[in-house]
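Welcome, and please take a moment to look over the model below. The paragraphs after it will lead you through it step by step.

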Amino acid sequence: MEFLIVFLPLLGAIIAGFFDKRIGDRGAQLVTCSFLVLAALLSCITFASVAFGDEKVRLVELFTWIDSGSFEASWALRIDTLSAVMLVVVTVVSAMVHIYSVGYMSHDKSKPRFFSYLSLFTFFMLMLVTADNFVQMFFGWEGVGLASYLLIGFWYERPSANAAAIKAFLVNRVGDIGFALGIAGAFLLLGTVNFEQAFQIVPQYADHQLGFLGFEGHALTIICLLLFIGAMGKSAQLGLHTWLPDAMEGPTPVSALIHAATMVTAGVFMLVRLSPIFEYAPDALTVVTIVGACTAFFAATVGTTQNDIKRVIAYSTCSQLGYMFFAIGVSAYGAAIFHLATHAFFKALLFLGAGSVIHAVSDEQDMRKMGGLWKTIPYTYGLMWIGSLALAGIPPFAGFFSKDMILEAAYAAHTGAGQFAFWAGVIAAFLTAFYSWRLLLMTFHGKFRGDAHVFEHAHESPKVMLIPLMVLASGAVLVGYVAYDWFVGDGREAFWGASILALEDVIEEAHHVPTWVKILPLVVAVSGIATAYLAYSVMPGLPARFVSAARPLYLFLLNKWYFDELYDFLFVRPARALGRGLWQTGDVLLIDGLGPNGVASVARGIAQRVAKVQSGYVYHYAFAMLIGVVFLVSWYLLTRIG
């Protein structure tokens with residue numbers, strides 16, 4: 001069964017990609033969608049049997065992949081509670097995205113290619129979450145990066161899409177260098193890349209030192225920091241986040257798949273999978289906490305000023321990933337995966353809901369050109385409300401249970417980094433509620449601010465797009481309540497088994513924090529909603545007055561803290577100048593000038609001079625022959641005399 005779950009998407013991708021001429025657009029859609037639905041059903045069965053059965057770890061070894069000296073890596077599928085949760089999340093969300101795409105991409109000319117890429121993306125993510133060793137995880141990790149490049153740049157006729165795809169690919173390569181070095185360091189220290197073997201022996205190396213870049217340091221801390229750099233790139237943490245908003249250049253279903261349950265959550269999953277290693281590197285966990293908290297705050301501030309509906313949700317994703325990371329940093333691994341699961345449903349709902357809005361208003365994405373759409377697309381409006389309530393953390397929606405648990409765990413950690421994360425998360429919760437209702441009010445309420453012709457033709461999405469939204473909305477409503485006890489409640493130890501390790505039970509402490517800590521996130525969320533309602537409904541002129549009064553701050557947030565400009569100055573321009581210098585001076589002047597072009601130029605000059613001798617006059621040739629005879633006679637006489 002596990003083999004089918006993982007390889008059904010690959011089979012669908014192959015059929016849609018290589019047999020598109022035979023099966024046509026409809027056949028490609030039918031094959032990929034049906035295979036993903038089947039994989040989702042099988043994932044639910046697997047989840048139930050592993051999470052609530054007696055066999056908590058199931059290993060399906062396919063073959064030995066690499067066997068060289070002491071280095072051995074098998075191709076195997078590791079199914080425990082952690083991977084079973086990810087199987088359900090990935091396949092269910094991906095299946096809904098596939099079905100939704102049938103309607104959203106109905107006018108696209110390359111449907112088989114698109115559905116093939118979607119299924120290929122899902123296959124690589126499933127390989128990642130079922131990996132039994134570092135090398136197999138790296139295969140899925142790089143495969144997800146490849147598929148994301150193909151999907152972000154799907155509309156390759158657009159220069160902006162190509163630029164966004166290249167940016168995502170390059171930024172992730174920076175993180176992947178850290179991940180690859182971390183894997184190498186783990187093998188160097190532990191002597192194995194197999195997870196089970198590494199987890200068993202890692203306590204023996206808790207105090208070992210390791211040399212790296214000319215200095216000695218705590219071995220596990222260095223390795224974990226390198227692995228975290230890989231997670232920062234894939235999960236768009238502060239510093240390596242710049243690719244994520246630009247990924248909106250791909251079709252909206254791509255945004256939902258990348259930002260909800262697959263690529264961006266790979267880093268979160270990787271750190272939780274490696275919790276038995278990270279638990280022995282407390283300094284690395286502190287770094288994870290601080291970076292995650294800064295990311296949650298940073299992205300939330302930027303989200304308040306963006307006007308592209310998809311970019312608002314993209315920065316929301318970045319912020320929510322920050323919550324997951326600082327949960328990991330305080331060892332609340334169950335809370336991190338809980339928020340990952342709930343976030344997958346309500347964020348996919350918001351992205352696909354945004355796609356429904358864009359579909360209704362003739363591909364317009366600027367919220368300043370929307371408004372008054374709630375009567376025109378009422379189903380989308382209601383579903384976007386559900387997603388926004390879950391994102392803001394309003395009970396009884398899913399985000400309330402998972403995000404509040406993360407904040408309570410950060411407070412319960414009783415560390416400086418934990419307190420910093422708690423307060424950064426509280427501020428981000430206020431901003432999250434604010435920009436969520438800013439999006440709703442600008443999009444659905446007030447007067448329509450765009451072209452009147454567009455508003456007249458605005459229409460609700462077809463059922464093939466609405467039904468997946470309803471399935472995701474059900475998850476956004478129910479998953480938090482249903483899964484609370486399993487993930488972070490009293491049943492968590494029996495549920496997780498040995499799939500995660502926390503040396504201190506921070507989640508237990510989180511259940512006993514002061515009442516004000518439990519209430520504060522809800523208070524700030526309601527305050528954020530009220531502030532947005534005041535600014536965009538009661539006093540619609542208030543945002544303009546704020547922008548006028550605090551224009552430097554507004555521009556700072558609107559330009560995303562100028563990270564792109566900073567990186568352009570520090571890296572892009574010097575790299576371009578270096579490349580141009582090597583091209584003009586090194587290649588053209590030196591290599592070509594003294595090499596092929598230089599030799600050719602000399603030969604050409606000699607040939608041109610020799611050609612002038614070929615005048616066609618007989619007396620010229622006779623004179624040349626006479627000169628030759630004189631030269632030969634002179635040479636003969638000189639040699640004879642000598």
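**A walk through the model**

Let us begin with a small turn: strand 3 and strand 4 form a hairpin with 2 residues between them, and Leu-213 in that turn has a positive phi of about 55°. Please keep in mind that this is a predicted model. The two strands of this hairpin, strand 3 (residues 209–212) and strand 4 (residues 215–218), run antiparallel and are joined by 4 bridges. If you would like a place to rest your eye, find Gly-211, which stands opposite Glu-216 in strand 4.

Now for another hairpin. Strand 1 (residues 58–68) pairs with strand 2 in the antiparallel sense, over 9 bridges. Here, too, the hairpin has 2 residues between its strands, and Gly-69 in the turn has a positive phi of about 60°. Across the pairing, Thr-64 stands opposite Ser-74 in strand 2. How many of the 9 residues of strand 2 are buried? In strand 2 (residues 71–79) the count is 7 of 9, so this strand is largely enclosed by the rest of the structure. As background, side chains in a regular strand alternate between the two faces of the sheet.

With the strands in view, step back to the whole chain. The protein chain holds 28 helices and 4 strands. Its C-alpha atoms fill a box of roughly 120 × 70 × 60 Å, taken along the principal axes. Of the 642 residues in the chain, 56% are buried. Take the contacts between residues at least 6 apart in sequence: 78% of them join residues at least 24 apart.

Next, turn to a pair of helices. In general, two packed helices are described by the angle between their axes and the distance between the axes. For helix 4 (residues 111–129) and helix 10 (residues 252–260), the axes come within 12 Å and cross at roughly 0°. That angle makes helix 4 roughly parallel to helix 10. Which residues make the contact? Helix 4 contributes Phe-114, Leu-118, Phe-121 and Thr-122, while helix 10 contributes Pro-253, Val-254, Leu-257 and Ile-258. Sorted by kind, the residues of this contact are 7 nonpolar, 1 polar and no charged.

Further along the chain you will meet Tyr-379, which is found in helix 16 (residues 378–392). Is Tyr-379 buried or exposed? Its relative accessibility is 51%, so Tyr-379 counts as exposed. Leaving aside its neighbours within four places in sequence, Tyr-379 is in contact with Glu-460 and Leu-466. For a sense of distance, compare Tyr-379 with Leu-578: the two are 199 residues apart in sequence and 54 Å apart in space, C-alpha to C-alpha.

Our last stop is the cysteines. With a disulfide taken as a pair of cysteine sulfur atoms within 2.5 Å, the count comes to 0 disulfides. Why does Cys-33 have no bond? The closest cysteine sulfur to that of Cys-33 is in Cys-44, 17 Å away, and therefore too far for a bond. Cys-33 itself counts as buried, because its relative accessibility is 9%. Cys-294 gives a second example: the closest cysteine sulfur, in Cys-318, is 12 Å from its own, which is too far for a bond. With 25% relative accessibility, Cys-294 counts as partly exposed.

Note on methods: Residues are numbered from 1 along each chain as its sequence is written. This is a predicted model: local features need pLDDT of at least 70, side-chain atom pairs count only at pLDDT 80 or more; totals for chains, interfaces and linings use all residues. Side-chain values use heavy atoms; hydrogens and water are left out. Axes are lines fitted to C-alpha atoms, for helices over the stretch in contact, and angles run from 0 to 180 degrees between N-to-C directions. Angles under 35 degrees count as roughly parallel, over 145 as roughly antiparallel, 65 to 115 as roughly perpendicular and the rest as oblique. Contact means heavy atoms within 4.5 Å. Ala, Val, Leu, Ile, Met, Phe, Trp, Tyr, Cys and Pro count as nonpolar, Asp, Glu, Lys and Arg as charged, and the others, Gly among them, as polar. Two strands pair if DSSP finds at least two bridges between them. Buried means under 20% relative accessible area, exposed over 50%, partly exposed in between (1.4 Å probe, protein chains only).
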